[in-house]
Amino acid sequence: MPEKLKIAVLASGRGSNFQAIINAIRDGYIDVEVACLISDSPKAFALNRAKEAGIESLYMASQKHANANDYYGTIATELKDRGVGLICLAGFMRIVKKPLIDAYPMRIINIHPALLPSFTGLDGQQKAIDYGAKIAGCTVHFVDEGVDTGPIIVQAATFVYSDDDEESLSQRILNLEHKIYPYAIKLFSEGRLSLKGRVVSIRDEKKEDGFIISPRL
Ligand code: GRF
């Protein structure tokens, strides 16, 4: 039996995507082990979720490090020590730097609340509303050195209604995030992703005809 993939989740706040990952493991939807949660904020609710689920958590303050390279180098060491093979950023409010990216090439993924390449950076949902987009959504992508620029793995979409505000749209997008993040982890852990240039291909992908707003994963 090949060893189970160990993942780490990096989160700065509420951690609802982290919870979706925990739930997907519990439900048997994904066959991976969360080796640890790392947070850069002592107040992150994600830390409570880790405790509740019996998952090791590390609070790693960036201020304790001389610079960002040192910070990310230390994170890389902690994760290598634990045998982590995939890093999942889930509301981690920092731009990951080279020492971690080089230690985990195409092994760091992120969830972003917009349909990339539109609306990178903060407040993707409000940016979609302000732009007048009629369809919005979320993206799981590999992390490179840019901000939300890495190869796209999965996306899901929802309508933007005329009476939507940031809260209502964010909630609908979040429901989709909780579906596609576990799905992307499943694809990675089953070795079904391959990369050519910046294009990710999915082996044995489910195909559906027509226009899909919320894919059945
Ligand atoms: C999500 O909207 C995610 O797309 C973005 O940050 C938010 C994190 O939410 N990167 P949560 O902490 O997982 O609840």
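## Gly91 and its surroundings

Gly91 sits in the loop that runs between β4 (86-89) and α4. This is a predicted model, so read every value here as computed from predicted coordinates. With a relative accessibility of 35%, Gly91 counts as partly exposed, because that value falls between the 20% limit for buried and the 50% limit for exposed.

Who does Gly91 touch, once its neighbours within four places in sequence are left aside? The contacts are Ala11, Ser12 and Gly13. Gly15 also belongs in this picture: Gly91 and Gly15 are 76 residues apart in sequence, yet their C-alpha atoms are 7.0 Å apart in space.

## Helix α1 and what covers it

Next comes α1, which spans residues 16-26. This helix is mostly covered, with eight of its eleven residues buried. The buried set is made up of Ser16, Asn17, Phe18, Gln19, Ala20, Ile21, Ile22 and Ala24. Several elements help to cover these residues: β1 (5-10), β2, α2 (45-53), β5 and α6 (166-189) are included.

Things change in the loop that follows. Asp27 lies between α1 and β2 (32-39), and Asp27 counts as exposed because its relative accessibility is 64%, where over 50% is what the label asks for. Then Gly28, just after α1, takes a positive phi of about 80°. For a sense of distance, take Asp27 and Leu116: they are 89 residues apart along the chain, and 29 Å separates their C-alpha atoms.

## Strands β5, β6 and β7

If you're looking for a covered strand, try β6 (residues 135-142), where seven of the eight residues are buried. β6 pairs with strands β5 and β7, and the sense is antiparallel with β5 and antiparallel with β7.

How many bridges does each pairing have? Between β5 (residues 108-112) and β6 there are four, while β6 and β7 pair over seven. To find your way around in the viewer, pick a bridge from each side: Ile111 has Val140 of β6 as its bridge partner, and Ala136 stands opposite Thr158 in β7.

## Backbone oddities on either side of β5

Some background first: most residues other than glycine have a negative phi, and most peptide bonds are trans. A few spots around β5 go the other way.

Ahead of the strand, Met106 is found in the loop between α4 (98-103) and β5. Met106 has a positive phi of about 50° although it isn't a glycine. At 30% relative accessibility, Met106 counts as partly exposed.

The loop between β5 and α5 (124-131) holds Pro117, and it's also where Phe119 lies. The peptide bond leading from Leu116 into Pro117 is cis, with omega near 10°. Phe119 is another non-glycine residue with a positive phi, this one about 55°. So what should you look for in this loop? A cis bond from Leu116 to Pro117 and the positive phi of Phe119.

## A nonpolar patch on the surface

Which residues make the nonpolar surface patch of about 410 Å²? They are Ile135, Phe159, Tyr161 and Phe211. Phe159 belongs to strand β7 (residues 152-159). Phe159 is partly exposed, since its relative accessible area is 37%, and that value also puts Phe159 over the 30% a residue needs to be part of a patch.

## The whole chain

Zooming out, the protein has six helices and nine strands. Its radius of gyration is 17 Å, close to the 17 Å that the globule rule gives for 217 residues, so the protein is as compact as a globular protein of that length. Along the principal axes, the C-alpha trace spans about 45 × 40 × 35 Å.

Of the 217 residues, 48% are buried. The accessible surface comes to about 11200 Å², and carbon and sulfur atoms own 51% of that. As for contacts with a separation of 6 or more, 63% are between residues 24 or more positions apart.

Conventions:
Residues numbered from 1 in each chain as written. Predicted model: local features only at pLDDT ≥ 70, side-chain atom pairs only at ≥ 80, totals over all residues. Heavy atoms only, no water. Patch = residues over 30% accessible without salt bridge, like charges linked within 9 Å, V, L, I, M, F, W, Y side chains within 5 Å. Areas by Shrake-Rupley, 256 points an atom, 1.4 Å probe, with all protein chains shown as cover. Salt bridge = Lys/Arg side-chain N within 4 Å of Asp/Glu carboxyl O. Helix = DSSP H or I, 4+ residues; strand = E, 2+ residues; numbered from the N terminus. Buried < 20%, exposed > 50% of the residue type's maximum accessible area, 1.4 Å probe, protein only. Rg over C-alpha atoms; globule rule 2.2 N^0.38 Å. Contact = heavy atoms within 4.5 Å. Pairing = 2+ DSSP bridges.
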